[in-house]
Amino acid sequence: MEKSIKKYFALFALPALICFLISFVIPFIWGFVLSFCEFTTITDVTFVGFKNYVRAFTVDNYFTHAFFFTLAFAIVSVITINIIAFALALALTRSIPGTNAFRTIFFMPNLIGGIVLGWIWQVIINGVLAYFEKTIAVDAAYGFWGLVVLMNWQNVGYMMVIYIAAIQNIPTDMLEAADIDGANYWTKLRKIIIPAVMPSITICLFLTTTNGFKLYDQNLALTAGNPNHQTEMLALNIFNTFYSRIGFEGVGQAKAVIFTILVAMIALLQLYTTRRKEIEN
Amino acid sequence: MKKTLSIILIIALALSSAFAGGASESNANEVYFLNFKPEIADVYTDIVAPAFEEETGLSLRVVTAASNQYQTTLRSEMAKSNPPVIFQVNGPVGVQAFTNDVAPLEDTGFYALLADKSMAIEQNGHVVGIPYAVEGYGIIYNDAIMRKYFALPDKAVDISSADEIRNFATLKAVVEDMTKHLDELGIKGVFASTSMASGTDWRWQTHLFNMPLWKEFGDILTTTEASTFEFTYNENYKALWDLYLDNSTTAKGMVSAKTDADSMAEFALGQCAMVQNGNWGAAQILGQAGNVVASEDIKFLPLYMGFEGEESQGLCVGTENYLSINIHASDEAKKNADTFLTWLFSSETGKKIVKENLMFITPFNSFTEEELPEDPLAKEVNRWMNMDGVTSVPWAFQGIPSEQWKQDFGGALLQYINGSMDWNAVVEIARNSWSVEAEIAGR
């Protein structure tokens, strides 16, 4: 058995490996190289050293502003998404009628693409703000909370499903033993349920953090950075940099490299801290 | 046996994935044109390409970039092994991004057709971009509504037709008095929405802004080389800008949700009397479902903003549409590209298509007076260009140092509308951003 797996490993893995190489590894490496070059088309490049990295921060402060805006957004949305998703998961694992229908309904927004969701919410928010003769582009705060609401709407259902699966996997004897010992609901939640679903919390925090940082299409469709770049997040800023000035394609690329390193660092740090809280099986 | 079989299978898989994309053969007899104008994409594929193939035996492949995506599409197409032979650049600043890709055009038949050789883009002593369509813009007005206004018994102005509006003071008086009579005129506002939705503020940060820019620098070349910009005529810009905003169909707080297409629809549906746009908007007005504006009522007015002697000021006439030929294409492909362009703008069939289907006002000597397009706005542009005592305003905005400047200025304009920035701050942003961007552009 072992032997034949080895023998056919190449046969089964090779197509996927080739695809991975062509569509991920090569562009990734080439993208890194491009961040040190000036170019218009990616095949005709001139090496310029660290100039692009310097320009990413010195020409305007939109990139740093985008970083802090994204950070604030990620923190708020990670907290709200996980709390709401966990609360829904707790509610929908109790024996009340219609739980399956509610699970489906909460999950459904996740099936719609980001651009479409962005447009839908733009219409809704502008529709409400129209009573005050305003739009979402009037104030950066509207854009910020609009994005938070949109992100919750889209992600709560997905995270809820992960939490539901984890809660249903908690051995009932543990909960019964706690009942016999006279523990109330809060004690059970704190001492049994949360420690038992810690692996899922790790996954959900990881997913929501990286989603929050990588957000692009929702940002583009909902506010497009208005007013005046104030609601522009990192990914959108990178795209806008690419076409903003002649010779700035490399600067956009440099920002993309910084962005990748940053997101990887934050995600790994977050994984490391929550992993330590997981209980060993 | 099994081993050989698995090796063969692996090789087969590897090979099939390598060729899965299928290499497209480059064809020397094919002219590859990357078209900029999505509104006429069908004309190229359905009418131009078959006619060209029938008359010359060469084939034409037209790829059209989606609206606002030309730069993105062009960059990726240029990187391919079979790049476009003919592509569009939007002016002297736009050509700088493709400095290494544009071929010299002075020996082409296409360049020989150009009536005013000074209109072409030159770079290091070579002609590298040739304009193919001249466009004009100003304030489009609906003469039927204007006639209705001038027939009112209690109108506050002395003049009796829109033709007599020849300066900003008159325009302001008429517009403000019209706002007092909205119900009698049956409109929601004098001007269509000042569209400020993202990506649709080009009518203000580029087109309207052309006026103070031209007044300060005088011509395109000086603008293209300017390292600083004072915005001397900012009060004039503000005067017309405020007039648009205060007499609009849409409340100030709501304009950031409006697009230029919304504005054109409002005009076509008779909800407003005026809209700032160019002759390319004719199709948008006449093609709008429920359009109530008769084609003979669509007229142009220059962008008056209170300059000295503006009675002699015409429409803003110029072009952003230059064609360049890819220097990396084979000699034969370049020759075929020239054959195509010369054919389109000088053969009988080609000229007929340009007039009736593409509807360009061309800058070529091969076109006679009768061969100009017949849509109302193109005719109006032509009328203003040839009016006695009136001089057209050139498109000085081509010298704006970068796209970023336009974004910065547009963003500031939006904040001014929202009341979160005063006018002096807007002017300051326009000045500072100009020096920063000009320096990056190497001026």
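Domain bounds here come from an automatic or database domain assignment. On that basis, chain A of this predicted model splits into domain 1 (2-34) and domain 2 (53-277). Taken over C-alpha atoms, the centres of domain 1 of chain A and domain 2 of chain A are 31 Å apart.

**The two chains side by side**

Here are the basic numbers for both chains, ready to check against the structure.

| Property | Chain A | Chain B |
|---|---|---|
| Helices and strands | Chain A: 12 helices, 2 strands | Chain B: 19 helices, 12 strands |
| Span of the C-alpha trace along the principal axes | Chain A: about 75 × 70 × 30 Å | Chain B: about 100 × 50 × 45 Å |
| Buried residues | Chain A: 35% of 281 residues | Chain B: 44% of 443 residues |

Walk along the sequence of chain A and the pattern reads α-β-β-α-α-α-α-α-α-α-α-α-α-α. Of the contacts in chain A between residues at least 6 apart in sequence, 74% join residues at least 24 apart. For chain B, residues 24 or more positions apart account for 74% of the contacts with a separation of 6 or more.

**How far to trust it**

For the complex, the predictor reports an ipTM of 0.77 and a pTM of 0.81. Chain B has a mean pLDDT of 87, with 94% of its residues at 70 or more. Which elements of chain B sit at the two ends of the pLDDT range? The lowest mean, 57, belongs to helix H1 (residues 2-19) of chain B, and the highest, 95, to strand E7 (residues 189-191) of chain B. Over residues 17-25 of chain B the pLDDT drops below 50, and beyond near neighbours in sequence this stretch has 3 contacts in the model. Where pLDDT is low, the predicted coordinates should not be read in detail.

**Chain B: fold and domains**

Back to the overall build of chain B, with its 19 helices and 12 strands. The radius of gyration of chain B is 25 Å, close to the 22 Å from the globule rule for 443 residues, so chain B is as compact as a globular protein of that length.

Chain B also divides in two, and each part is assembled from two stretches of sequence: domain 1 takes 30-134 + 319-367, while domain 2 takes 137-316 + 394-440. The C-alpha centres of domain 1 of chain B and domain 2 of chain B lie 31 Å apart. How many residues of each domain are in contact with the other? In chain B, 7 residues of domain 1 touch 7 residues of domain 2. On the domain 1 side, the residues in that contact are 2 nonpolar, 3 polar and 2 charged.

**Where chain B meets chain A**

Now for the contact between the chains, which takes 32 residues from chain B and 29 residues from chain A. On the chain B side, the elements giving two or more residues are H1, helix H3 (70-78), helix H18 (403-417) and helix H19 (423-440) of chain B. H18(B) supplies the largest share of that side, 7 residues. By type, the chain B side divides into 15 nonpolar, 14 polar and 3 charged residues. One caveat is that H1 of chain B, listed among those elements, is the element with the lowest mean pLDDT in chain B, 57.

**A closer look at H16 of chain B**

Helix H16 (residues 348-358) of chain B has B:Gly350, B:Ile353 and B:Val354 as its buried residues. Seen down the axis of H16(B), these buried residues fall within an arc of 100°, so they line one face of the helix. What do the buried residues of H16(B) pack against? They pack against helix H2 (41-56) and helix H15 (331-346) of chain B. Right after H16(B) comes B:Met359, with a positive phi near 55°.

**A buried glycine in chain A**

Over in chain A, A:Gly225 sits in the loop between helix H10 (217-222) and helix H11 (234-244) of chain A. Is A:Gly225 buried or exposed? With 26 other C-beta atoms within 10 Å, A:Gly225 is buried, because 20 or more is the cut-off for that label. Leaving aside neighbours within four places in sequence, the contacts of A:Gly225 are A:Thr231, A:Glu232 and A:Leu236. A:Gly143 is 82 residues away from A:Gly225 in sequence, yet the two are 8.4 Å apart in space, C-alpha to C-alpha.

Notes
Residues numbered from 1 in each chain as written. Chains lettered and ligands numbered in written order. Predicted model: local features only at pLDDT ≥ 70, side-chain atom pairs only at ≥ 80, totals over all residues. pLDDT = per-residue confidence, 0-100. Helix = DSSP H or I, 4+ residues; strand = E, 2+ residues; numbered from the N terminus. Contact = placed C-beta atoms within 7 Å. Rg over C-alpha atoms; globule rule 2.2 N^0.38 Å. Buried ≥ 20, exposed ≤ 12 C-beta atoms within 10 Å, placed from the backbone. Nonpolar A, V, L, I, M, F, W, Y, C, P; charged D, E, K, R; others polar. Arc of directions from axis to C-beta.
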